[in-house]
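Thanks, everyone. Please take a look at the sequence and the model on the screen, and then I'll go through a helix and a sheet.

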Amino acid sequence: MESFVFDHVRGVGSDSAYVALYSPVANASAIRKRIMDASKMEGEEGERERDAINFAFIDATLITSRLHLQTAIHQAILAESQNSLRTKTVHSEILFALNPTNNITEAIRRYGVSDSSRALLVVHIGPGHRSSLSETENKMKKAVEGVLKPLGELEELTDWQRIKKYHRLNTADDEDHASVNDFVISAVAMKTVMQ
Amino acid sequence: MSASQNLIDSALFISQGAEAASIFLLPVIFSPDNDIDSIGQKVYKAQLTSNSSPILLKHRFQKQYRHPTLDASLTRSRIAGEARTLLRCLRAGVNVPGIRMVDATNGVLGIQWIEGESVRKLLPGEAEGEDNEEVDLLQEYGISIDEIMNLVGTEIAKMHKADVIHGDLTTSNMMIRPIKSSQAELILIDFGLAFQSTLTEDKAVDLYVLERAFLSTHPDSEPMFASVLAAYEQRMGNDWAAIKSRLDDVRLRGRKRSMVG
């Protein structure tokens, strides 16, 4: 697990993101079902269940690079610190930032966990404390059945064809992954001022 | 206090006004086309997290002379405009800095930090008494003046093909970035005055502005600009004829169209 700390957000909002890459993942459909059920549960039990899976589950094959993910997380954290979230939580805001359209359902369907997800990026955003690191790690372990991989292996998993389709990048040369990466990072960063 | 303001407070101040000025605080060049708006921003070098690459922050700070509501909406639309233009260029494969963060509420645009040198500093005619500096730099970057002119023409043509008009083409707004084991690349920067247009007129004026900038910053640069146009022509193909004849018109009358009629 890695953490990104955005020093300039300290004192304004949640400044830290814990990120783990799991590949392969065995229980993707169970995770999806759990998220759906947790949102409907009431009372204390519901609170506990929602806390147990208080993560962004991102389809890792749609992330092109560490900077791509970092940019989406940063824009979500920024929106939260300004009380300008467009979705219900800072975690769903990451998925929203990743998708090039303004359709939230579509963003979650495309970039979130689906029954067929093989690799997942699990992200938790919160205030940065040493104690929350191990706690978060434990919660992730309980929620995800999969093999933990270093973030550096992200690029090997990328599904470039699908990314190009979502961003409507038809003209780009098939092997030119670097410029696709550049484009999607910029697209994520400017999401809030997209037309 | 907002997150973006904290980021600015911890950043390294670079300049007020033009984007291309280096850390040594060159005197900022005001080309005739820099309107008040492009001066009304400050530029910083910053980092979002401790192990990420540096970014360049452009802060359109609040203008006290404007009504706050108007100020907020103008700032927002200008940041949005610049970001959209950059994305349009990236989609078309034009070499421009990537976008790294946008906070339109606070007037902050973060773009990729380009390691390199502006074309202005690589060409002869900067300041007197440092004649050899450009030659050294050219050698260090492994590029000749001719190659630079070729890159300039090609990159502008790519941009115009995407119907993006830069609005402030000068040799300061082009950076040369060295690449290991390959020829250096040219990156167009500062899209603060850019807009989208399909009009031949706008493209011709864009070239005319660059021509004037060339002649006023680099003595005896007519042959240089001619090779820029040659590369531009090659890349533009069939569209060149119309732009060329319009450019000749613009040269006769200046960049502003006649207000008569």
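**Helix 9 and a three-stranded sheet**

Start with helix 9 of chain B: Trp240(B), Ile243(B), Leu247(B) and Val250(B) are buried there. Buried means under 20% relative accessible area, exposed over 50%, partly exposed in between, with a 1.4 Å probe and protein chains only. This is a predicted model: local features need pLDDT of at least 70, side-chain atom pairs count only at pLDDT 80 or more, and totals for chains, interfaces and linings use all residues. Residues are numbered from 1 along each chain as its sequence is written, chains are lettered from A and ligands numbered from 1 in the order written, and side-chain values use heavy atoms, without hydrogens and water.

Back to helix 9 of chain B. Where do its buried residues pack? Against helix 7 (200-217) and helix 8 (222-236) of chain B. Contact here is heavy atoms within 4.5 Å. Helices (H or I, at least four residues) and strands (E, at least two) are DSSP runs, numbered from the N terminus. On the other side of helix 9 of chain B, Ala241(B) and Leu252(B) are exposed. Just after this helix, Gly254(B) has a positive phi of about 90°.

Now the sheet. It is open, with three strands of chain B in the order 6-8-9, paired antiparallel. Pairing takes at least two DSSP bridges between two strands. Strand 6 (117-118) and strand 9 (182-188) of chain B are at the edges, each with a single partner strand, so one side of each has no neighbour in the sheet. Five bridges join strand 8 (residues 174-179) to strand 9 of chain B. Met175(B) sits opposite Ile187(B) of strand 9.
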